[in-house]
Amino acid sequence: ATSGRQIFQPLHTLRAAEKELLPGFHQFEWQPALKNVSESYNVGIINGLSGWTSSLDDSPADTITRRFRYDVALVAALKDLEEDIMEGLRDTGMEDSACTLGFRVMIKECCDGMGDVSEKHGGGPAVPEKAVRFSFTVMSVSIQAEDEQEEVTIFTEPKPNSELSCKPLCLMFVDESDHETLTAVLGPIVAERNAMKESRLILSMGGMPRSFRFHFRGTGYDEKMVREMEGLEASGSTYICTLCDSSRAEAAQNMVLHSITRSHDENLERYEIWRTNPFSESVDELRDRVKGVSAKPFLETQPTLDALHCDIGNATEFYKIFQDEIGEVYKNPNPSREERRSWRAALDKQLRKKMKLKPVMRMNGNYARRLMTMEATEVVCELVPSEERREVLRELMRLYLQMKPVWRATCPAKECPDQLCRYSFNSQRFADLLSATFKYRYNGKITNYLHKTLAHVPEIIERDGSIGAWASEGNESANKLFRRFRKMNARQSKA
């Protein structure tokens, strides 16, 4: 450097190849060009309300939401995986230069509301500020060579539920229950996603232009969000399931035998029927015809089961069964509120003493994991008077622990093949126990997640190969990061 020659060229003399190495600069194009999406490729973070500003007058529109343009974010995610993809191509023995067409990219989409993200400084009232995060994960990249029948997977995300593989697309300060604002903000994202389904991306990978098609699967939504996006009634509805048309009473009657029938397209058709009422039926008949679809489905989700909330929902249910068994509700069907409270206190005290489990206001994942163990069941059984009821509780928990890995595992066929094979048998046995021994709880009612756990798991796994991998966990754990960056350590306890 002492010779006076300038080693670093000024930026404008960098050639295209070198520009590729700069952050945020990836040249790409879509064929055909995306409808209603600008063709420029060097766009960073944009105002999520581009085009909507005038209609949202209650808060300054430019602060509501920030997002990446969907296609730009996807390109950045693919470029991050460039080495892995090229390595995958080499490993499968495909001639690198021959493979420029036929890449397929699977995208998992997650969207989750976060309550209470107001700044914490102690003083003053807590303003109910809410946020919604929308993110995506590149689940796999596969290629179908021109002469081959078989599709070969060249990249699979090893940790699909890590916040590291979960790329944020859009952050908005919106309450997830405010359907109007939420749909206004996600509208452009849905439009871009629909445009991308019809087109293919030409992007340089390993120094050659290659063509990618994207497949989007919205599986990282909890039940509340799915119902909102798919136009279904809220989760207290008699139509208990987002996958099948069963009513709560039917699901409690027949706990295991249901198959997945709902889909986005069908929900759209049903909404049309709801809107036009072609057979001039009464509200009740009409509602039964459309099985609770009474709003326009807005965003296509993939009917699946959300593993994390499934854990939490079932743990809540077991927690209640434990209370009922401590108080022997099967003998005394309508206990007073005081009695119930005392059983709950006894249960909490016992769990805290023996398992060091602090009572929580709302069931969370960690509590659920600790509660759903044989150890916790033994601890609870110490409070249950009758030996045969204790045996049934142990049996229930044993069955549950056999079933759980199947919808938790990233790849159940590899990780727990035996439990996968036995799932239908176990769920049938589990359902029999509930309807025999716990008739007092399951007479015509059953919780949404328990129904899905018993009825739909094998079918989803047969279709997708996994439930756990498609869950919303990555997005949920990234919520923690979001809180960190906003410096709003959530109030852990409302003490």
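Select strand 4 together with strand 9 (residues 208-220), and you will find that, in this predicted model, the two strands pair in the parallel sense over eight bridges. To see one point where they meet, pick out Val 105 on strand 4, which stands opposite Phe 214 in strand 9.

Keep strand 4 (residues 103-114) on the screen and add strand 5 (residues 131-143), which runs antiparallel to strand 4 and is joined to it by twelve bridges. Here a useful pair to label is Cys 110 and Ser 135, since Cys 110 stands opposite Ser 135 in strand 5. Is strand 4 largely enclosed or open? Eleven of its twelve residues are buried, so strand 4 is largely enclosed by the rest of the structure. While you are looking at the strands, it may help to remember that in a regular strand the side chains alternate between the two faces of the sheet.

Next, select Asn 479, which is found in helix 18 (residues 473-485). With a relative accessible area of 8%, Asn 479 counts as buried, because the cut-off for that word is under 20%. Which residues are in contact with Asn 479, once its neighbours within four places in sequence are left aside? They are Asp 112, Met 114 and Arg 133, and with the last of these there is also a polar contact, in which the side chain of Asn 479 meets the side chain of Arg 133 at 2.9 Å. Asp 112 and Met 114 lie within the residue range of strand 4, while Arg 133 lies within that of strand 5, so this stop leads back to the strands you have just left.

Now move to helix 17 (residues 457-464) and show the side chains of Val 457, Ile 460, Ile 461 and Asp 464, which are buried. They cover an arc of only 100° around the axis, which puts them on the same side of helix 17. The general rule behind such a pattern is that an α-helix has 3.6 residues a turn, so residues three or four places apart point the same way. If you then ask what covers the buried residues of helix 17, the elements to select include strand 9, helix 13 (387-408), helix 14 (412-415), helix 15 (417-437) and helix 16 (448-455). Just after helix 17 comes Gly 465, whose phi is positive, near 85°.

For the next stop, colour the largest nonpolar core, which has 63 residues, and label Leu 351, Leu 371, Phe 430 and Leu 434, the members that touch the most others. The largest share of this core, ten residues, comes from helix 9 (residues 307-326). Apart from this core lies another, of 53 residues, among them Val 72, Met 86, Phe 134 and Val 226. Returning to Leu 434, and not counting residues up to four places away in sequence, you can follow its contacts to partners including Met 255, Ile 321, Leu 396 and Tyr 442.

A stop in a loop comes next: Ser 247 is found between helix 5 (223-229) and helix 6 (248-253). At 16% relative accessibility Ser 247 counts as buried, and, leaving aside neighbours within four places in sequence, Ser 247 is in contact with Thr 238 and Ile 240.

Finally, show the whole chain, which has 18 helices and nine strands, and in which buried residues make up 51% of the 495 residues. Its accessible surface comes to about 24,800 Å², of which 52% belongs to carbon and sulfur atoms.

Conventions: Residues numbered from 1 in each chain as written. Predicted model: local features only at pLDDT ≥ 70, side-chain atom pairs only at ≥ 80, totals over all residues. Heavy atoms only, no water. Helix = DSSP H or I, 4+ residues; strand = E, 2+ residues; numbered from the N terminus. Buried < 20%, exposed > 50% of the residue type's maximum accessible area, 1.4 Å probe, protein only. Polar contact = N/O pair within 3.5 Å; in protein donor to acceptor, adjacent residues only side chain to side chain. Contact = heavy atoms within 4.5 Å. Pairing = 2+ DSSP bridges. Areas by Shrake-Rupley, 256 points an atom, 1.4 Å probe, with all protein chains shown as cover. Arc of directions from axis to C-beta. Core = buried A, V, L, I, M, F, W, Y, C linked by side-chain atoms within 4.5 Å.
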